[in-house]
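Me: I would like to go through this structure term by term, asking what lies behind each label before I rely on it.

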Amino acid sequence: MKIAPSILSADFAYLARDVEKVEQAGADLLHVDVMDGHFVGNLTFGPLVVQALRPVTNLPLEVHLMVSDPGVWAPEFAEAGADTILVHEEATSHLYGVLQHIRAAGVRAGVVVNPGTSLSSLDEVLPLVDQVLVMTVNPGFGGQKFLTPMVDKVARLYQLRQERDLHFAIEVDGGINDQTVKAAAAAGTDIFVAGSYVFGASNVGDAITALREAVK
Ligand code: DX5
Ligand code: ZN
(Lines give C-alpha, C1' and ligand atoms only; values in the text may rest on other atoms or scores of the structure.)
(Ligands and ions follow the chains in the order given, each with its own letter.)
Protein backbone atom coordinates (compact mmCIF):
# COMPACT_ATOMS: atom_id res chain seq x y z
CA MET A 1 0.00 0.00 0.00
CA LYS A 2 1.07 3.56 -0.64
CA ILE A 3 0.09 6.42 1.65
CA ALA A 4 -0.32 9.93 0.29
CA PRO A 5 -0.87 12.54 2.99
CA SER A 6 -2.93 15.46 1.71
CA ILE A 7 -1.34 18.77 2.59
CA LEU A 8 -4.82 20.33 2.64
CA SER A 9 -4.86 19.42 6.35
CA ALA A 10 -1.29 20.58 7.03
CA ASP A 11 -0.41 23.80 8.86
CA PHE A 12 0.15 26.19 5.95
CA ALA A 13 2.23 28.54 8.10
CA TYR A 14 4.70 25.66 8.57
CA LEU A 15 4.20 23.71 5.37
CA ALA A 16 7.81 22.63 4.84
CA ARG A 17 8.02 21.43 8.44
CA ASP A 18 4.82 19.39 8.11
CA VAL A 19 5.98 17.90 4.81
CA GLU A 20 9.28 16.91 6.40
CA LYS A 21 7.37 15.24 9.26
CA VAL A 22 5.34 12.98 6.96
CA GLU A 23 8.38 12.24 4.81
CA GLN A 24 10.30 11.08 7.88
CA ALA A 25 7.27 9.13 9.03
CA GLY A 26 7.38 7.03 5.86
CA ALA A 27 4.78 8.61 3.59
CA ASP A 28 5.13 7.41 -0.01
CA LEU A 29 4.04 10.56 -1.80
CA LEU A 30 2.41 13.93 -1.19
CA HIS A 31 -1.09 14.79 -2.34
CA VAL A 32 -1.64 18.44 -3.31
CA ASP A 33 -5.30 19.52 -3.56
CA VAL A 34 -5.69 22.33 -6.07
CA MET A 35 -9.10 24.01 -5.89
CA ASP A 36 -10.25 27.00 -7.91
CA GLY A 37 -13.42 28.08 -6.08
CA HIS A 38 -15.39 27.20 -9.21
CA PHE A 39 -15.20 23.46 -9.85
CA VAL A 40 -15.46 23.09 -6.07
CA GLY A 41 -16.46 25.60 -3.41
CA ASN A 42 -13.04 26.10 -1.91
CA LEU A 43 -9.80 27.82 -2.91
CA THR A 44 -6.32 26.48 -2.28
CA PHE A 45 -2.98 26.43 -4.05
CA GLY A 46 -1.53 27.35 -7.40
CA PRO A 47 1.60 26.10 -9.18
CA LEU A 48 3.83 28.33 -7.03
CA VAL A 49 3.19 26.11 -4.02
CA VAL A 50 4.25 23.03 -5.97
CA GLN A 51 7.33 24.88 -7.17
CA ALA A 52 8.15 25.86 -3.59
CA LEU A 53 7.70 22.32 -2.27
CA ARG A 54 9.75 20.65 -4.99
CA PRO A 55 13.19 21.43 -3.52
CA VAL A 56 12.21 20.76 0.13
CA THR A 57 11.13 17.11 -0.25
CA ASN A 58 12.16 13.96 -2.07
CA LEU A 59 8.60 12.65 -2.06
CA PRO A 60 6.79 12.48 -5.41
CA LEU A 61 4.20 15.25 -5.70
CA GLU A 62 0.78 14.37 -7.03
CA VAL A 63 -1.47 17.25 -7.95
CA HIS A 64 -5.22 16.70 -7.65
CA LEU A 65 -6.72 19.31 -9.96
CA MET A 66 -10.19 20.37 -8.80
CA VAL A 67 -10.39 23.18 -11.32
CA SER A 68 -12.72 24.00 -14.18
CA ASP A 69 -9.98 24.32 -16.78
CA PRO A 70 -7.61 21.42 -16.18
CA GLY A 71 -6.25 21.72 -19.73
CA VAL A 72 -5.10 25.25 -19.00
CA TRP A 73 -3.54 24.49 -15.61
CA ALA A 74 -1.98 21.06 -16.13
CA PRO A 75 1.04 22.40 -18.10
CA GLU A 76 1.70 24.96 -15.36
CA PHE A 77 1.82 22.24 -12.71
CA ALA A 78 3.98 20.03 -14.91
CA GLU A 79 6.41 22.91 -15.25
CA ALA A 80 6.30 23.52 -11.48
CA GLY A 81 7.52 19.99 -10.79
CA ALA A 82 4.46 17.74 -10.39
CA ASP A 83 5.20 14.03 -10.79
CA THR A 84 1.56 13.06 -11.28
CA ILE A 85 -1.38 15.20 -12.39
CA LEU A 86 -4.91 14.01 -11.64
CA VAL A 87 -7.77 15.39 -13.76
CA HIS A 88 -11.48 15.11 -13.00
CA GLU A 89 -13.58 13.44 -15.67
CA GLU A 90 -16.33 15.97 -14.88
CA ALA A 91 -14.10 19.01 -15.42
CA THR A 92 -13.38 18.81 -19.13
CA SER A 93 -14.98 17.74 -22.38
CA HIS A 94 -11.46 17.06 -23.69
CA LEU A 95 -10.40 14.47 -21.17
CA TYR A 96 -8.46 12.32 -23.62
CA GLY A 97 -6.50 15.28 -24.97
CA VAL A 98 -5.69 16.70 -21.56
CA LEU A 99 -4.36 13.31 -20.39
CA GLN A 100 -2.33 12.95 -23.60
CA HIS A 101 -0.74 16.35 -23.02
CA ILE A 102 0.17 15.50 -19.45
CA ARG A 103 1.91 12.32 -20.57
CA ALA A 104 3.65 14.12 -23.39
CA ALA A 105 5.11 16.47 -20.77
CA GLY A 106 6.71 13.44 -19.10
CA VAL A 107 4.33 13.51 -16.14
CA ARG A 108 2.22 10.61 -14.88
CA ALA A 109 -1.43 11.15 -15.79
CA GLY A 110 -4.41 10.19 -13.70
CA VAL A 111 -8.17 10.53 -13.99
CA VAL A 112 -10.54 11.22 -11.09
CA VAL A 113 -14.23 10.35 -10.70
CA ASN A 114 -16.64 12.08 -8.34
CA PRO A 115 -18.95 9.84 -6.30
CA GLY A 116 -21.81 10.37 -8.77
CA THR A 117 -19.76 9.64 -11.88
CA SER A 118 -19.95 6.17 -13.37
CA LEU A 119 -16.83 4.18 -14.23
CA SER A 120 -18.30 3.70 -17.70
CA SER A 121 -17.35 7.31 -18.48
CA LEU A 122 -13.71 6.22 -18.19
CA ASP A 123 -13.89 3.40 -20.74
CA GLU A 124 -11.98 5.21 -23.47
CA VAL A 125 -9.26 6.72 -21.28
CA LEU A 126 -8.36 3.78 -19.07
CA PRO A 127 -5.62 2.54 -21.41
CA LEU A 128 -4.11 6.03 -21.33
CA VAL A 129 -3.77 6.60 -17.59
CA ASP A 130 -1.22 5.69 -14.93
CA GLN A 131 -3.70 6.14 -12.12
CA VAL A 132 -7.44 6.25 -11.40
CA LEU A 133 -8.65 8.13 -8.33
CA VAL A 134 -12.04 7.17 -6.93
CA MET A 135 -13.38 10.02 -4.76
CA THR A 136 -14.73 8.61 -1.52
CA VAL A 137 -16.19 12.00 -0.49
CA ASN A 138 -17.62 14.86 -2.53
CA PRO A 139 -14.58 16.97 -3.40
CA GLY A 140 -13.89 20.35 -1.85
CA PHE A 141 -13.05 19.87 1.81
CA GLY A 142 -11.03 17.72 4.15
CA GLY A 143 -12.50 15.99 7.16
CA GLN A 144 -15.64 14.58 5.53
CA LYS A 145 -17.17 11.16 6.12
CA PHE A 146 -16.12 8.24 3.92
CA LEU A 147 -18.83 7.22 1.43
CA THR A 148 -19.05 3.46 1.94
CA PRO A 149 -20.85 2.74 -1.37
CA MET A 150 -17.64 3.78 -3.16
CA VAL A 151 -15.98 0.58 -1.96
CA ASP A 152 -18.00 -1.31 -4.55
CA LYS A 153 -16.84 1.13 -7.22
CA VAL A 154 -13.22 0.38 -6.31
CA ALA A 155 -13.93 -3.35 -6.54
CA ARG A 156 -15.47 -2.93 -10.01
CA LEU A 157 -12.50 -0.84 -11.13
CA TYR A 158 -10.12 -3.51 -9.87
CA GLN A 159 -12.05 -6.10 -11.87
CA LEU A 160 -12.02 -3.90 -14.99
CA ARG A 161 -8.27 -3.55 -14.71
CA GLN A 162 -7.85 -7.30 -14.65
CA GLU A 163 -10.32 -7.96 -17.47
CA ARG A 164 -8.66 -5.42 -19.74
CA ASP A 165 -5.13 -6.30 -18.66
CA LEU A 166 -4.35 -2.69 -17.74
CA HIS A 167 -1.85 -1.43 -15.19
CA PHE A 168 -3.08 1.84 -13.70
CA ALA A 169 -2.82 2.33 -9.94
CA ILE A 170 -6.10 2.56 -8.01
CA GLU A 171 -6.38 5.37 -5.47
CA VAL A 172 -9.01 6.55 -2.99
CA ASP A 173 -9.37 10.05 -1.54
CA GLY A 174 -11.58 11.26 1.28
CA GLY A 175 -12.50 10.05 4.75
CA ILE A 176 -9.66 7.55 5.04
CA ASN A 177 -8.81 6.52 8.59
CA ASP A 178 -7.70 3.33 10.36
CA GLN A 179 -11.21 1.87 9.93
CA THR A 180 -12.27 2.91 6.43
CA VAL A 181 -8.87 1.97 5.02
CA LYS A 182 -9.69 -1.70 5.57
CA ALA A 183 -12.62 -1.98 3.18
CA ALA A 184 -10.88 0.18 0.59
CA ALA A 185 -7.80 -2.04 0.74
CA ALA A 186 -9.82 -5.23 0.51
CA ALA A 187 -11.51 -3.89 -2.63
CA GLY A 188 -8.15 -3.43 -4.35
CA THR A 189 -6.89 0.08 -3.60
CA ASP A 190 -3.17 0.71 -4.14
CA ILE A 191 -2.82 4.33 -2.97
CA PHE A 192 -4.59 5.93 0.00
CA VAL A 193 -4.89 9.69 0.35
CA ALA A 194 -5.30 10.76 3.96
CA GLY A 195 -5.54 14.36 5.10
CA SER A 196 -7.15 15.04 8.45
CA TYR A 197 -6.39 11.55 9.79
CA VAL A 198 -2.65 12.09 9.32
CA PHE A 199 -2.16 15.81 9.91
CA GLY A 200 -4.82 15.96 12.63
CA ALA A 201 -3.03 13.29 14.66
CA SER A 202 -0.85 14.28 17.58
CA ASN A 203 1.85 12.09 16.00
CA VAL A 204 1.81 11.77 12.22
CA GLY A 205 4.12 8.76 12.38
CA ASP A 206 1.68 6.86 14.57
CA ALA A 207 -1.17 7.71 12.19
CA ILE A 208 0.74 6.43 9.16
CA THR A 209 1.73 3.27 11.03
CA ALA A 210 -1.89 2.72 12.12
CA LEU A 211 -3.04 2.87 8.47
CA ARG A 212 -0.46 0.27 7.47
CA GLU A 213 -1.25 -1.97 10.44
CA ALA A 214 -5.01 -1.79 9.77
CA VAL A 215 -4.69 -3.56 6.42
CA LYS A 216 -2.27 -6.32 7.50
C1 DX5 B 1 -11.11 16.62 -0.85
C2 DX5 B 1 -9.66 16.39 -1.14
C3 DX5 B 1 -8.99 15.42 -0.27
C4 DX5 B 1 -8.93 15.83 1.19
C5 DX5 B 1 -9.00 14.58 1.98
O6 DX5 B 1 -11.66 17.34 -1.89
O7 DX5 B 1 -9.51 15.92 -2.48
O8 DX5 B 1 -7.69 15.12 -0.75
O9 DX5 B 1 -7.76 16.52 1.53
O10 DX5 B 1 -9.12 14.91 3.33
P11 DX5 B 1 -9.57 13.83 4.41
O12 DX5 B 1 -8.57 12.73 4.38
O13 DX5 B 1 -9.56 14.63 5.66
O14 DX5 B 1 -10.94 13.36 4.01
ZN1 ZN C 1 -7.53 15.20 -3.08
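The exchange below takes up the labels one after another.

Me: What kind of model is this, and how are its parts numbered?
Reply: This is a predicted model, in which local features need pLDDT of at least 70 and side-chain atom pairs count only at pLDDT 80 or more, while totals for chains, interfaces and linings use all residues. Residues are numbered from 1 along each chain as its sequence is written, and chains are lettered from A and ligands numbered from 1 in the order in which they are written.

Me: What pLDDT does the protein average?
Reply: The average is 98, and 100% of the residues score at least 70, where pLDDT is the predictor's confidence in each residue on a range from 0 to 100. For the complex, the predictor gives an ipTM of 0.99 and a pTM of 0.98.

Me: Which residues come nearest to ligand 1, and what makes a residue part of its surroundings?
Reply: A residue is near a molecule if its C-beta atom, placed from the backbone, lies within 6 Å of it. There are 22 residues around ligand 1, of which Ser6, Pro139, Gly142, Gly195 and Ser196 come nearest. At least two residues of this shell are supplied by each of β2 (30–35), β8 (191–194) and α7 (196–199), the elements being DSSP runs numbered from the N terminus, with helices (H or I) of at least four residues and strands (E) of at least two.

Me: How is the shell around ligand 1 divided by class?
Reply: It has eight nonpolar, 12 polar and two charged residues. In this scheme Ala, Val, Leu, Ile, Met, Phe, Trp, Tyr, Cys and Pro count as nonpolar, Asp, Glu, Lys and Arg as charged, and the others, Gly among them, as polar.

Me: Which residues does UniProt list under "active site"?
Reply: The unreviewed entry gives Asp33 and Asp173 under that annotation; although they are spread over 141 residues of sequence, they cluster in space, with a largest C-alpha distance of 10.5 Å. UniProt positions are in the numbering used here, feature names are shortened, and annotations may be inferred rather than shown by experiment.

Me: Why is Asp33 called buried?
Reply: A residue is buried if 20 or more other C-beta atoms lie within 10 Å of its own, exposed if 12 or fewer, and partly exposed in between, with C-beta atoms placed from the backbone. Asp33 has 25 C-beta neighbours inside 10 Å and therefore counts as buried. Asp33 is found in strand β2.

Me: How do you know whether Asp173 is buried or exposed?
Reply: Asp173 has 24 other C-beta atoms within 10 Å, so this residue is buried. Asp173 has its place in strand β7 (residues 169–173).

Me: What does His64 touch, and why is His64 counted as buried?
Reply: His64, in strand β3 (residues 61–66), has 27 C-beta neighbours inside 10 Å and therefore counts as buried. Two residues are in contact if their C-beta atoms, placed from the backbone, lie within 7 Å. Leaving aside neighbours within four places in sequence, the contacts of His64 are with His31, Val32, Asp33, Val34, Leu86, Val112 and Asp173.

Me: What makes Thr117 partly exposed?
Reply: Thr117 has 16 other C-beta atoms within 10 Å, a count that falls between the limits for exposed and buried, so Thr117 is partly exposed. Thr117 lies in the loop between β5 (108–113) and β6 (131–135), and, leaving aside neighbours within four places in sequence, is in contact with Glu89 and Glu90.

Me: Why is Gly195 called buried?
Reply: Gly195, in the loop between β8 and α7, is buried because 24 other C-beta atoms lie within 10 Å. Not counting residues up to four places away in sequence, Gly195 touches Pro5, Ser6, Leu8, Ser9 and Gly142.
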